[in-house]
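Student: I'm new to this structure and don't know where to start. Please choose one part and take me through it closely.

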Amino acid sequence: MLSRASVFKSAVPWLQIFLAALLWASATVAQAAEPIFKTVKVTERVYALVGELTQRSPANLGNNMTSGFVIADDGVVVVDSGGSAEGAKLIRQAVRAVTDKPVRWVVNSGGQDHRWFGNDYFQRVVGARVIASEPGVLDMKARGLQQYEAAKVNLGEKVAGTVLAYPDVTFSKRHKLAVNGVDIELIESGGAHTRADIFVWLPKEKLVFTGDVVFVDRLLGIQPGMGLLWIAALSYLRDELRPVTVIPGHGGVATLGKAMKDSLGYLTLLRDGAAQAFKDGAFDPVEASQAIDQTPFSYLVNFTDARFRSNNAIRMAEEVFAGIR
Ligand SMILES: [Zn+2]
């Protein structure tokens, strides 16, 4: 007769196999249910990779942005290489999932970490060439080490394998990318979220990747001295390029109207609100910033962060104040 203990003992291997299978299944489900970005087919040739609206984390590998790729006749053009080597690998996998064509080019839409921290992976492992604007490379050289230190904190051990690598090719102002079957123009924005943000413009498709020039769904962040330049860059996008489809730097694929509402609308509200506050006798930028009602944009993620909001208002008010002094 079997004792209780021996029954239990003989059950243990089965139990272990069962539990292991359960763990494997749940891990697989978790991976499938929560990819760090969504692949969105925009046209036959163009895909957006829409990342989280949250901050950089070990879970999102620093890819807390929207990137994408274009399938030309002779290869793929990736826009932005990711926030880490691991993040770059996932972008590469997303390309592989829709085409066997090689990645020929990677465009860095600016000098912020998630626009270029995957460069080394694409250059060394994938064999792609990387291109960025001259201001973009200056920005990478100026802030790269600081960004890398921040990535070590934000991504923890997931930063492993990330090597800072500059572009192979640079351009100034405007550049037509040498690929077949699709026109792709790289255009300096003149400065928006950073000095170095560019547009990746597909004139025939009337489609643009804006990098950090456009934020949708999420409140943007103004750097000191950049608010009015940003308004100018968005006005150029609206009045000169006039895209139908906007793949923003943060947030989902949008119409021009939605892109303008969430980015230009917000910046304009701050600018006009500050000007009005000075007219009404505000003493300094801080006082002016407090008079601006930002609630029309309370639907944006990050709006609840009061410090974020007030920094934006103060920075814009400083520029407006400098202009009327
Ligand atoms: Zn960004």
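Tutor: Here is the setting, then a close look at three helices that meet one another, and a shorter stop at another helix pair. Keep in mind that this is a predicted model: local features are described only where pLDDT is at least 70, side-chain atom pairs count only at pLDDT 80 or more, and totals for chains, interfaces and linings use all residues. Residue numbers run from 1 along each chain as its sequence is written.

The protein chain has 9 helices and 13 strands; helices (H or I, at least four residues) and strands (E, at least two) are DSSP runs, numbered from the N terminus. Of its 325 residues, 46% count as buried, meaning that 20 or more other C-beta atoms, placed from the backbone, lie within 10 Å of the residue's own (12 or fewer is exposed, in between is partly exposed). Contacts are pairs of residues whose backbone-placed C-beta atoms lie within 7 Å. Among contacts between residues at least 6 apart in sequence, 69% join residues at least 24 apart.

Now for the main part: H6, H7 and H9. Helix H7 covers residues 256-279 and helix H9 covers residues 306-324. They pack at an angle of about 55 degrees, with their axes 9 Å apart. (Axes are lines fitted to C-alpha atoms, for helices over the stretch in contact, and angles run from 0 to 180 degrees between N-to-C directions.) That angle makes H7 oblique to H9; under 35 degrees would be roughly parallel, over 145 roughly antiparallel, 65 to 115 roughly perpendicular, and the rest is oblique. H7 passes H9 in a right-handed crossing, where the near helix is turned clockwise from the far one by less than a right angle; anticlockwise would be left-handed.

Who does the touching? H7 brings Leu270, Arg271, Ala274, Ala275 and Phe278, while H9 answers with Asn312, Ala313, Met316, Ala317, Val320, Phe321 and Ile324. By class, that contact of H7 with H9 has 10 nonpolar residues, 1 polar and 1 charged. Here nonpolar means Ala, Val, Leu, Ile, Met, Phe, Trp, Tyr, Cys and Pro; charged means Asp, Glu, Lys and Arg; the others, Gly among them, are polar.

Stay with H9 for a moment. Its 19 residues should span 27 Å at 1.5 Å a residue, and the end C-alpha atoms are indeed 27 Å apart; the expected span is 1.5 Å times one less than the number of residues. The buried residues of H9 include Asn312, Ala313, Met316, Ala317 and Val320, names you just met in the contact with H7. Arg309, Arg315, Glu318 and Glu319 are also among the buried ones. Their cover includes H7, helix H6 (227-241) and helix H8 (285-290).

So what does H6 do with H7? Their axes come within 10 Å and cross at roughly 150 degrees. That makes H6 roughly antiparallel to H7, and H6 passes H7 in a left-handed crossing. From H6, Gly227, Trp230, Ile231, Leu234 and Arg238 meet Leu256, Met260, Ser263, Leu264, Leu267, Thr268, Leu270 and Arg271 in H7. This contact of H6 with H7 divides into 8 nonpolar, 3 polar and 2 charged residues. Look again at Leu270 and Arg271 of H7: they take part in the contact with H6, and they turn up in the contact with H9 too.

Now the other pair, H2 and H4. The axes of H2 and helix H4 (residues 119-126) come within 8 Å and cross at roughly 60 degrees, and the two are therefore oblique to each other. H2 passes H4 in a right-handed crossing. Ala85, Ala88, Lys89 and Arg92 in H2 meet Asp120, Tyr121, Phe122 and Val126 in H4; by class, the contact of H2 with H4 has 5 nonpolar, no polar and 3 charged residues. Within H4, Asn119, Tyr121, Phe122 and Val126 are buried. Their cover includes H2, strand S4, strand S5 (103-107), helix H3 (113-116) and strand S6 (129-133). After H4 comes glycine 127, with a positive phi near 85 degrees.

One last stop is aspartate 80, in the loop between strand S4 (75-79) and helix H2 (85-96). Aspartate 80 counts as buried because it has 33 C-beta neighbours inside 10 Å. Leaving out residues up to four places away in sequence, aspartate 80 touches Met65, Ser67, Asn108, Ser109, His114 and Arg115.

Technical notes:
Two residues are in contact if their C-beta atoms, placed from the backbone, lie within 7 Å.
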